[in-house]
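Visitor: I would like to take a close look at a single part of this chain, and then follow the connections outward from there. Please take your time over the answer.

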Amino acid sequence: MNSSSGFNADVLPFNLLDEDERTLLQDNLDIVYYQTSEVIIKTGNAPEGMYIILKGCVSELDVQSSDVNHGHTFVHYTNDDYFGAWSALRGNAIHDFVADEETICYLLPTKVLLDLIYRNSTFGDFFNKDLSLQKQLLAQRDDSLNMTEFMLARIDSSCMREAALLPSGTDLEGATAYMSEQQVDCVLVQRGSRYGMVTRTDLLNAIVLDKLPLTSDAQSIANYRLITVESGDYLFNALVLMTANQIDRVVVMKDSKLYGIIDLADTLSYFSSHSHVVGLRIERATSIEQLKAAAGDMGNLIRSLYSQGVKIRFAMDLLAALNNRLMSKLFNLVVPESLLPHVCLVVMGSEGRGEQVIRIDQDNGLIMRDGLDWPECQQTLEAYTQALVDLGYPKCPGGVMVSNPFWVQPISEWTQRMRDWVAKADSDSLLNLAISIDAHPVAGNKALFKTSRNWLLKELKQQERFLSLFAEVALVFETPLNFLGGIRDRASGVDVKKGGVFPIVHGVRVLAMQYQIAETNTYKRIEALVKLGVLPQRLGSELKESFSLLQWFRLAHQLKQQESGCSPEEINNDINLSDLDRLDKDLLRQSFQVVKDFKKHLSLRYRLGMGL
């Protein structure tokens with residue numbers, strides 16, 4: 001029977017087809033009927049094609065016997081859902097598809113499906129089981145996100161200038177003349193295998209302030225601690241590096257050889273956001289009021305990056321760099337300069353990992369040199385906490401702030417407490433350690449932090465019992481999938497942080513601790529674990545994609561709450577499934593499935609209970 005008059009071709013993936021392709025599809029649709037418990041597709045058989053449910057319900061089962069009731073149900077398909085496409089493309093089914101009730105479907109024959117995939121590669125990509133490809137389609141479906149490709153420009157000769165290399169032995173006068181002749185504001189010098197940079201400002205300071213003779217070798221004033229990027233890397237990463245390191249130029253290398261220079265003007269010509277302008281406002285601020293104005297701009301920047309479709313990982317990197325600069329600048333304004341070499345301000349939790357996009361609350365602490373005499377310590381740090389509140393960073397409900405003396409300790413006590421937490425391994429100790437292990441230094445003497453961190457990583461390597469207890473925390477919250485493989489919805493919504501973000505963050509954190517990986521960022525930890533062979537390549541890739549998707553859904557939800565007038569304290573992670581379309585739900589479900597698989601991986605590795 002052929003009748004497609006009621007078929008909706010305006011939904012994904014069918015809206016990826018052009019007019020002729022849609023006509024071909026609709027002309028070849030058949031309507032088929034199945035009774036309750038009837039097997040539509042049998043494991044091992046070649047399906048007739050792709051099925052789109054018009055009415056009814058179908059289960060996908062892994063059946064080990066002839067009794068369908070004994071099979072494990074992966075997912076339920078209902079009205080407008082499609083199934084069988086992947087099996088048809090593969091040539092045989094690896095699961096059974098069974099009608100749960102009387103079901104009517106459209107059937108698109110395999111031959112026509114293959115024809116459409118051959119004609120339209122984007123339509124074909126939709127049926128690929130690789131989560132990253134479906135995520136790309138999610139980004140491409142909205143024309144308002146067409147800035148994504150623009151923002152993901154690669155570093156090549158089109159966005160950089162040729163490096164001006166000063167001849168060996170050139171003096172200061174010759175360097176000045178060379179820069180004028182080449183019409184550049186910086187040059188590179190080479191000393192052995194190392195490169196250094198000399199800028200106009202360096203020349204001015206050397207001649208006017210330091211009174212160096214004009215015959216002095218330009219190599220003597222060069223800066224050899226260069227920040228470099230690789231040719232082919234994202235131009236956006238160059239912007240992040242300049243923002244994080246408070247510089248205006250980065251050197252481009254290609255196969256360990258000098259390739260060129262990118263400066264701020266080159267980079268800003270590619271971007272419509274005003275991220276570096278925000279960074280400059282932070283850097284030039286001389287009062288808390290000026291910092292407050294810059295912090296307000298960051299809120300607009302978040303919305304701009306989101307609306308332009310910038311990948312969540314890049315947005316988090318950029319915003320983390322700006323947040324760190326703001327907190328560092330505020331700390332330097334509040335704390336006396338004479339004390340800065342003796343203390344280290346650290347941010348912890350999601351701030352320490354560089355993964356907090358919407359400012360939810362503060363998570364910070366202070367490590368001090370042993371024996372430091374600072375009578376005004378408490379008063380000064382309370383002022384710092386209140387200043388952060390004024391800048392839009394709410395107080396931490398759990399008191400993880402420098403205004404709380406518990407999180408302000410000399411280095412010996414800071415280290416001893418972590419040793420005690422490892423030894424006790426009770427719930428409070430595990431929570432405190434989870435917070436502090438992600439610490440990242442942002443101001444003061446960072447060597448104090450590194451001393452403590454390096455000790456902890458070495459201490460934990462042999463603590464198998466503790467690592468098992470710590471890993472079990474990743475299983476505390478249930479994955480929001482029901483026994484049919486669908487998303488378990490509640491009246492309050494689906495908590496993407498507890499159900500997805502937290503298990504990934506914490507599970508990866510435990511593995512990173514065991515293998516002494518100093519990185520705190522979840523993406524970088526996953527990449528390091530894959531490189532070491534701790535995580536399989538496929539699982540690592542799926543974890544990164546799922547983490548990005550969950551964070552993207554979370555950001556979209558939180559921005560929507562902001563727009564509706566919610567205060568930072570009122571913002572939550574509970575997504576209402578009714579706000580999502582079919583593709584969103586499918587991507588969210590697949591992300592939760594990856595989380596569930598990762599929990600199984602942790603359970604096997606650390607011999608944990610299987611409460612997933």
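Visitor: Is helix 17 (residues 427–436) mostly covered or mostly uncovered, and how many of its 10 residues are buried?

Guide: In this predicted model, helix 17 is mostly covered, with 7 of its 10 residues buried. The buried positions are Ser429 and Leu430, followed by Asn432, Leu433, Ala434, Ile435 and Ser436. An α-helix has 3.6 residues a turn, so residues three or four places apart point the same way. The cover over the buried residues of helix 17 is provided by several helices, including helix 14, helix 16 (411–424), helix 18 (446–460), helix 19 (464–472) and helix 20 (496–514).

The loops on either side of helix 17 deserve the same attention. Ala425 lies in the loop between helix 16 and helix 17, and its phi is near 55 degrees, a positive value in a residue other than glycine. Most residues other than glycine have a negative phi. With a relative accessibility of 11%, Ala425 counts as buried, because the cut-off for that class is under 20%.

On the other side, Asp438 is placed in the loop between helix 17 and strand 17 (440–444). Its relative accessibility is 0%, and Asp438 therefore counts as buried. The side chain of Asp438 makes polar contacts with two arginine side chains, that of Arg353 at 3.0 Å and that of Arg509 at 2.7 Å. Once neighbours within four places in sequence are left aside, Asp438 is in contact with Val347, Met348, Gly349, Gly352, Arg353, Arg509, Thr520 and Arg525.

From helix 14 (349–353) one can move on to Gln362, which sits in the loop between that helix and strand 15 (364–368). Gln362 has a relative accessibility of 1% and so counts as buried. Its side chain reaches the backbone oxygen of Thr385 at 3.2 Å. Apart from residues up to four places away in sequence, Gln362 touches Glu351, Thr385, Leu388, Val389, Tyr393, Pro394, Lys395, Cys396, Val400 and Met401.

Two loop residues elsewhere in the chain can be set beside these buried ones. Asp255, in the loop between strand 12 (249–254) and strand 13 (257–263), also has a phi near 55 degrees, again a positive value in a residue other than glycine. Asp255, however, has a relative accessibility of 64% and therefore counts as exposed. Gly169, found in the loop between helix 6 (147–151) and helix 7, likewise counts as exposed, because its relative accessibility is 52%. The C-alpha atom of Gly169 is separated by 6.1 Å from that of Asp217, although the two residues are 48 residues apart along the chain.

The loop of Gly169 leads to helix 7 (residues 172–182), whose axis comes within 11 Å of that of helix 8 (residues 200–209), the two crossing at roughly 150 degrees. At that angle helix 7 is therefore roughly antiparallel to helix 8, and their crossing is left-handed. Helix 7 brings Leu172, Ala175, Thr176, Met179 and Ser180 to the contact, while helix 8 brings Arg200, Leu203, Ala206 and Ile207. By class, these residues comprise 6 nonpolar, 2 polar and 1 charged.

A second helix pair may be described in the same terms. Helix 22 (residues 537–563) and helix 23 (residues 582–606) pack at an angle of about 130 degrees, and their axes are 9 Å apart. The two helices are therefore oblique to each other, and the crossing of helix 22 and helix 23 is left-handed. From helix 22 the contact draws on Leu539, Glu542, Leu543, Ser546, Leu549, Leu550 and Phe553, and from helix 23 on Asp584, Leu587, Leu588, Ser591, Phe592, Val594, Val595, Phe598 and His601. The residues of this contact divide into 11 nonpolar, 3 polar and 2 charged.

As for the setting of these parts, the protein chain has 23 helices and 19 strands, and buried residues make up 52% of its 612 residues. Of the contacts between residues at least 6 apart in sequence, 71% join residues at least 24 apart.

Terms used. Residues are numbered from 1 along each chain as its sequence is written. This is a predicted model: local features need pLDDT of at least 70, side-chain atom pairs count only at pLDDT 80 or more; totals for chains, interfaces and linings use all residues. Side-chain values use heavy atoms; hydrogens and water are left out. Axes are lines fitted to C-alpha atoms, for helices over the stretch in contact, and angles run from 0 to 180 degrees between N-to-C directions. Helices (H or I, at least four residues) and strands (E, at least two) are DSSP runs, numbered from the N terminus. Angles under 35 degrees count as roughly parallel, over 145 as roughly antiparallel, 65 to 115 as roughly perpendicular and the rest as oblique. A crossing is left-handed if the near helix is turned anticlockwise from the far one by less than a right angle, and right-handed if clockwise. Contact means heavy atoms within 4.5 Å. Ala, Val, Leu, Ile, Met, Phe, Trp, Tyr, Cys and Pro count as nonpolar, Asp, Glu, Lys and Arg as charged, and the others, Gly among them, as polar. Buried means under 20% relative accessible area, exposed over 50%, partly exposed in between (1.4 Å probe, protein chains only). A polar contact is a pair of N or O atoms within 3.5 Å; within protein, one must be able to donate a hydrogen and the other to accept it, and residues adjacent in sequence count only if both atoms are side-chain atoms.
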